[in-house]
Every structure is written in C-alpha cells, then in structure tokens.
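This report describes the overall build of a protein chain and then turns to a few local backbone features. The sequence and the structure are shown first.

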Amino acid sequence: MAAACSGGDKIQTATVTTYLDKLQDCTIHMAPQLHKVAVIGAGVSGLLTARELQREGQQIVVYEKSNQIGGVWVYDPEVETDPLGLDPNRRIIHSSMYDSLRTNFPKQLMEFTDYSFTIEKNGKYLYFPDRKEVLKFLNDFARDFGLDHLIRFNTEVVSVEQKNGKWVLESKTSDVDQTNQKELFDAVVICNGHHTQPKLADTPGIKKWPGKQIHSHNYRVPEPYKDQVVVVIGHGPSGFDIAFDIAKVAKEVHVSSRFPQVEVRKLETYENIWQHSKIEYCHENGAVAFEDGALVAADIIIHCTGYKYDFPFLNTNGIVTVDDNRVGPLYKHVFPPRLAPTLSFVGIPKQFIYLDWLAAQVRLPRTDEQLKRILDKLVELVRISRVGFRERLVESWPF
C-alpha cells in the first residue's frame, strides 16, 4: 500500500512558480476553448480522466490496446512466453490479474466520490469485491457517463512526441490490416497503468539456480503448482494472496520477506505455509537458504516483487525519465514543468495527504474521515497478520 514517489520534490522553487503562473494563465484564458486531447489507457485512471475532460467540453480520444475497458482488472488467462518478463521481444500481456483475486481494500476505498457500487451475493452484503465485480463496476461507470464512444479499442500507442507545439501520436491497430495512423493533439494524458513490467529482486545465486522461476505478472491459477515446493519472494498483498492460493494444491509454500522485523513462523490455519526472512542464497543444487537459517529444496520461485513504471511510447528527449522507479521531474506527480500543461500523468501516487491537497486545488471536499479510519484499521490488521485480515476488518465494522 506504499505510494510511489515521482521525484517532483526536487524541482526548484523558481521553476514551480513559473509553471504555476503558466498554468493559471492557461486556466483563465484557455479553458473556454476546445482542445483535442489524447488519453492513453481505458483503465480506472483513463476512464475518470475521460469523464472529467468530457465534462469540460473537450474533444477526447481514448486509446486502448485491448478489446475492452478495465486495464489491469481485465483477466487474461494467457501468460507471456518469458515468465520473468526479461525478453524485450516477447508479446506483452497487459494485465497481471490472477483468477482468484479479491481486492485488498473494501469497496468504500475502491469506489468514486460520486459513483459507488453495492455488492451482494446470496443476500449478503460484500465489503471486498472480486475482480469480476470491479470490472463490472468500471463497465457500468463507462456506460452511465457515455464514455464508450470515446474509446478506440484494439489500438496501441507506439509513439508520442511534441513537434511545433502539438503532440504527434502514432498508433497501430491489432486487426488484420495492422493499420498505423498519426494524429495531432493539443494535449496528452498518460493513464497506461504500472502493473505490467515486472521488477525482480536481486537475489544472490538466483541466476544459476536450476528450478523454474516466474514473476507474479504471469501467475493465473494454482493447478500448475500441484505437489510442488514453492518459494514466494515478496511480503506484499499479492505475495500472500498467491501463497494462499497455491497452498491449496502445493506440497509446501515458503514466503520470503526482506523486512528485518518479519516473524519467522508457520502461518496459523495453514498446514503448509511458512514465513521466512530474506533469502540468503540460491544454490545450484536447487536449495534455497534463508537468513533465518532455514534451507528448503524448492521446485519453483515466484517473484512477487512489484512492477516498473514504463512509458515505451513516450519521447521527450530526456525531459521525463524513470530513475530507480521514480517518474520525474513531475510537479505534484502530474505535470512535467517543461511540458506543462499539455502533457500530464494520472494515477501515479495514492496517499490521502496528496488527495486532500489535490481536492483543495479544485475546491472539492477533503477525503471523508471515515475512509481514513477504515484505511488505518486495515493497515493495523494487515500488520498483525495477513491471514484473514479482510474478515477481521468486517468484524470490526462500523468505525
């Protein structure tokens, strides 16, 4: 649940002041004009961006490389040919969704301020939606606000570059003809998500380790891990979700955490899951040694180690870069000052403090205090144990 930092704090005060003056001037003098705006991605961020731009009366084109909306919430049973995502020539699968996924946040933290959804199954109210329910929610949102007609499906953006004050966007379709098209825009909003390009841990000895390795990006269902000894690298939500899913069929599951305060133990309610400290070394005989002294003869290692920000289509001649997984320089995680306000990024950070600041800029109410209490309670329960935190949160309701 930790937010990624864009590195925007490094921008000099004078640069930010100049940018704010420029943005204010644009807001005052240019808002009534019609602008042609490209939105890249029809996931959560792209749909919200398209709705707000539509409300402002702008001319919008939303580019979506798949055949439906939803972004990361679209389940695709297909996996990539390179299970670690290292081959630059592989066919990239956008979604990292696994079949059993339920949200780590209750629906109150998932819905929009002015558009909520109620989930019921067998007459019972559900707090934590599954992937299908979230995707339905996004489809309902797009339908209710008339966004579908703005989206070009099966259309991948391959190049975005500024020339003579306009943005030249080149796209290609995934149909039989593979049509390439260039189009001019006044502004571009990048909403392509950041759960597609795998990030791997630098684990000693792992390059010569003989077993099978995959990144969680390519995990879908537990059946391939039947009767296997599995090591999961990663102490985050996806690491434990996948560990719990695999434990239904695997012989053993060992979860490794890099946090020094991790409690080394066998997990309660599970007969075949152990929690370990950081991996010390992966041996060529197949053994995996942990810093807590445990030695496991493993068959498979699953890297649940997060993702990289990646904008392969964007050419800014070095103005916008990704350095150590920090996108920058961006003012308030949105605008690159030298290209503002015609280039922007949506969906990078997710702290409440940031959301409150953002709401104040557009004269909207601060985040509801109950939502903050829900998140605080959720974090508290997760810290106690990853096992059953959803159920324990529901039992603690209301706040």
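What percentage of the 399 residues of the protein chain count as buried? The share that counts as buried is 48% of the 399 residues. The model is a predicted one, and the values below are computed from it.

**Overall architecture**

The protein chain contains 24 strands together with 8 helices. Its radius of gyration is 23 Å, close to the 21 Å given by the globule rule for 399 residues, so the chain is as compact as a globular protein of that length. The C-alpha trace spans about 65 × 50 × 45 Å along its principal axes. Where contacts link residues at least 6 apart in sequence, 60% of them join residues at least 24 apart.

**Surface and charge**

The accessible surface of the protein chain amounts to about 20,900 Å². Carbon and sulfur atoms account for 51% of that surface. As for charge, the chain carries 51 negative and 47 positive side chains. The centres of these two sets lie 2 Å apart.

**Cis peptide bonds**

Two peptide bonds that precede a proline deserve a description. Ala340 and Pro341 are joined by a cis peptide bond, with omega at about -5 degrees. Pro341 belongs to the loop that connects β23 (326-328) with β24 (343-345). A cis peptide bond also joins Trp397 and Pro398, where omega is about -5 degrees. Pro398 is placed in the segment after α8 (389-395).

**Positive phi values**

The table lists residues other than glycine that have a positive phi.

| Residue | Phi | Location |
|---|---|---|
| Asn317 | about 55 degrees | loop between β21 (314-315) and β22 (321-323) |
| Arg363 | near 60 degrees | loop between α6 (352-361) and α7 (369-384) |

Are these residues buried or exposed, given relative accessibilities of 68% for Asn317 and 76% for Arg363? Exposed means over 50% relative accessible area. Asn317 has a relative accessibility of 68% and therefore counts as exposed. Arg363, at 76% relative accessibility, likewise counts as exposed. Asn317 thus combines a positive phi of about 55 degrees with a place in the loop between β21 and β22. For Arg363, a phi near 60 degrees goes together with a position in the loop between α6 and α7.

Definitions and conventions: Residues numbered from 1 in each chain as written. Predicted model: local features only at pLDDT ≥ 70, side-chain atom pairs only at ≥ 80, totals over all residues. Heavy atoms only, no water. Helix = DSSP H or I, 4+ residues; strand = E, 2+ residues; numbered from the N terminus. Rg over C-alpha atoms; globule rule 2.2 N^0.38 Å. Buried < 20%, exposed > 50% of the residue type's maximum accessible area, 1.4 Å probe, protein only. Contact = heavy atoms within 4.5 Å. Areas by Shrake-Rupley, 256 points an atom, 1.4 Å probe, with all protein chains shown as cover. Lys, Arg positive; Asp, Glu negative; His and termini not counted. Charge placed at Lys NZ, Arg CZ, Asp CG, Glu CD.
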